[in-house]
Amino acid sequence: NFWARNRGPSDAPQRPFPNYTDEAVLVLGVATGATREESDKWVVKAKDGVSYVLAWDPSGPNRAAGVAQKNFGIGVFPATGVIDKAGKVVGGFVGFGAQTPVVLRGFLRDAGLAIAAEEQPKAAAGAGPGPAAPLDNMPKIGAMAPDFMALDAAGKPVKLADFAGKIVVVDFWAT
């Protein structure tokens, strides 16, 4: 999930699947368009409400060179994407709202996660976040997700490839 400069990581990406912790689903939050110091402040601030992996995009405040824009074609925040276990893009959306859990469960289902019948997205639930207007460099649905590197709170490199074999919800955010 990519976040605007005035907001950091949210608990919204982790809400849709508390019953699926054994299903190899991982949420990866990447701070983009931010200095390391700005990212670190948000990590400290969010530590009690966010249980997923947080990383920082080392391109810093240069959004055009950042992971979100360069690899995924996303320059509007917040934005969330889902990548299946084979590393292929399932889908994504811009923004968060009341329909976020429904939309995320739908993408997780499409990624191969067994979603309980009572939690399945309803056909009429189309009034939620929608996909962003595609840009030329945005990966197409079904394409291999581009690998990228970010730094975790300890400064250790984190790569998308590190999570091969898991469904990954990419949560890019900015301060």
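Which residue of β5 stands opposite W56? The legends below start from the whole predicted model and reach that pair in the third view.

**View 1. The chain holds three helices and seven strands.** The model shown is predicted. Along the sequence, the elements run β-α-β-α-β-β-α-β-β-β. The chain counts 175 residues, and 49% of them are buried. Contacts reach far along the sequence: of those with a separation of 6 or more, 75% join residues 24 or more positions apart. The accessible surface is about 8,300 Å². Carbon and sulfur atoms contribute 56% of that surface.

**View 2. Six strands make an open sheet with mixed pairing.** The strand order is β3-β7-β1-β2-β5-β6. At the edges stand β3 and β6 (157-159), each paired on one side only. On average, neighbouring strands of the sheet are turned by 35° against each other, direction ignored. Helix α3 packs on this sheet and touches β1, β3 and β7. The direction of α3 makes about 20° with that of β3.

**View 3. Strands β2, β5 and β6 follow one another in the sheet order.** Strand β2 covers residues 53-56 and pairs with β5 in the antiparallel sense. Two bridges join β2 and β5. Here is the residue asked about at the start: L151 in β5 stands opposite W56. On to the next pairing. β5 and β6 are also antiparallel, with three bridges between them. In that pairing, A150 stands opposite V158 in β6.

**View 4. A hairpin joins β5 and β6.** Four residues lie between the two strands. G155 sits in the turn and has a positive phi of about 85°. A153 is placed in the loop between β5 and β6. Which residues does A153 contact, leaving aside its neighbours within four places in sequence? They are R36, V43 and L54. R36 and A153 are 117 residues apart in sequence. In space, their C-alpha atoms are 9.2 Å apart.

**View 5. Helix α3 is mostly covered.** The helix spans residues 100-110. Eight of its 11 residues are buried. The buried set begins with T100 and P101 and continues with V103 and L104. R105, G106, F107 and L108 complete the list. Which strands do these buried residues pack against? The partners are β1 (25-31), β3 (79-83), β4 (89-94) and β7 (167-173). Just after the helix, G112 takes a positive phi of about 110°.

**View 6. An edge-to-face pair is formed by F72 and F148.** There are two aromatic pairs in the count. In the pair shown here, the ring centres of F72 and F148 are 5.9 Å apart, with 80° between the planes. The pair links distant parts of the chain, its members being 76 residues apart. F72 belongs to helix α2 (residues 67-72). F148 lies in the loop between α3 and β5 (149-152). Both F72 and F148 are buried.

**View 7. F93 and F107 form a stacked pair.** Why is this pair counted as stacked? The planes of F93 and F107 stand at 10°, so they fall under the 30 degrees allowed for stacking. The ring centres are 6.3 Å apart. This pair, too, links distant parts of the chain: F93 is in strand β4, F107 in helix α3, 14 residues apart. Are these residues buried or exposed? F93 has 2% relative accessibility and counts as buried. F107 has 16% and is buried as well, because the cut-off for buried is under 20%.

**View 8. T32 makes a polar contact with D57.** T32 is found in the loop between β1 and α1 (36-46). The side chain of T32 meets the side chain of D57 at 3.1 Å. T32 counts as buried because its relative accessibility is 1%, and buried means under 20%.

Key:
Residues numbered from 1 in each chain as written. Predicted model: local features only at pLDDT ≥ 70, side-chain atom pairs only at ≥ 80, totals over all residues. Heavy atoms only, no water. Buried < 20%, exposed > 50% of the residue type's maximum accessible area, 1.4 Å probe, protein only. Contact = heavy atoms within 4.5 Å. Areas by Shrake-Rupley, 256 points an atom, 1.4 Å probe, with all protein chains shown as cover. Polar contact = N/O pair within 3.5 Å; in protein donor to acceptor, adjacent residues only side chain to side chain. Phe/Tyr/Trp six-rings, centres within 6.5 Å; stacked < 30°, edge-to-face > 60°. Pairing = 2+ DSSP bridges. Axes fitted to C-alpha atoms, helices over the stretch in contact; angles between N-to-C directions.
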